[in-house]
Amino acid sequence: MAYLDRKGLIGRGSHINPPNRYLPGHTERDLEHCEHDADLLAELDRPPTQYFPDNSRSVISKNDSPDISFTYSLNPYRGCAHGCSYCYARPSHEYLGLSAGLDFETKVFVKHDAAALLREFLNKPNWNADTIVMSGVTDCYQPAERGFRITRGCLEVGLEARQPMAIVTKNALVTRDLDLLRPMAELGIIHVAVSVTTLDAELARRMEPRTSTPAARLRAIRELADAKIPVRIMTAPIIPGLNDREIPALLEAGAAAGATSAAYTLLRLPLTVKPVFLEWLERRLPDSRERIENLILATHEGQHNNAELGQRMRGSGPIAEQIRRLFKVFAAKHHINGDPPEYNRTHFRPPQSASGQLRLF
């Protein structure tokens, strides 16, 4: 695998580009003749985030896995500059001929036509207002959203159509769109889940380098709750030996901020997520790496990822069961063990088509 840094890349979760499974070869930088070129090396330590147009002709993905609680999702971006070292979406970048490592967080593809494509999708005659989840793969409020505003455009279409939607994010930027989320909440067509994996700001900075701080995410939960928007705290992923001990504090903080429900998933390391996370663990927590990795293996029947349906998100064995019970006890203690309110699908109406043509039926 290609190690890209000398002392450490600035603000990046992955410092490697593991080989793409679908390509016959990969390249590695040879810096032997550049060791005294301080300017070049400094530039390599600060790789910029590049944005490319994604000209996909469809923006809605359909999922049929029983492990996933939703069927339809919308992802305005492919790749994510948040750079979370554990991100399960990293292997999706390999379909683009890129790496699941540094490429995933520095080469982000933008679906500029997402709102128009959503409008077109919602005008399908057989659409019955099933829930559409934003961020089923990558975060819809990652840093790019500040400028591109693709997520906001999709929410505008959703509000116009009275379309039930859900948002999953670990970025406090979600509160920028309270002017859209409030009326959606009044219609009963929006849920928001904010992911808070740790209360340790330094750990978050290292593990999720370009996300909002834990304090900012809790403030976002508070602002959403104050606006009467159903909000859930997601403690995902739980990493045995690293943040599992924080479950009681995370749930207490989420409830205090106004979350009314909670959920978690257990860390899994499928495909090329594994080398990225283990390299991060070795680099950031070398003294704990072996212990944490062994605990991960213990929750997936000796593997880094058990793909068996029904187990891959929750794990198995005594440690996974202990985490499940701990979460259940403290979610109940803080009264956030219920489900979000039911969506109201009766308000749905197809949005005006891009052509301006109205539907007869």
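**Local features along the chain**

Visitor: His-335 sits in the segment after H12. Is His-335 buried or exposed?

Guide: Keep in mind that this model is predicted. The relative accessible area of His-335 is 67%. Exposed means over 50%, so His-335 counts as exposed.

Visitor: What is the phi of His-335?

Guide: Start with the usual case. Most residues other than glycine have a negative phi. His-335 is not a glycine, yet its phi is positive, at about 60°.

Visitor: Which residue in the loop between helix H11 and helix H12 has a phi near 55°?

Guide: Helix H11 covers 289-298, and helix H12 covers 318-333. The residue lies in the loop between them. Its phi is positive, although the residue is not a glycine. The residue is Glu-301.

Visitor: Is the peptide bond from Ala-236 to Pro-237 cis or trans?

Guide: Pro-237 belongs to strand E11, residues 231-238. Most peptide bonds are trans. For the bond from Ala-236 to Pro-237, omega is near 0°. That bond is cis.

Visitor: Is Leu-102 buried or exposed?

Guide: Leu-102 is in helix H2, which covers residues 102-106. Its relative accessible area is 7%. The cut-off for buried is under 20%, so Leu-102 is buried.

Visitor: How many Å apart in space are Leu-102 and Val-276?

Guide: In sequence, Leu-102 and Val-276 are 174 residues apart. For the distance in space, go from C-alpha to C-alpha. The value is 8.9 Å.

Technical notes: Residues are numbered from 1 along each chain as its sequence is written. This is a predicted model: local features need pLDDT of at least 70, side-chain atom pairs count only at pLDDT 80 or more; totals for chains, interfaces and linings use all residues. Side-chain values use heavy atoms; hydrogens and water are left out. Helices (H or I, at least four residues) and strands (E, at least two) are DSSP runs, numbered from the N terminus. Buried means under 20% relative accessible area, exposed over 50%, partly exposed in between (1.4 Å probe, protein chains only).
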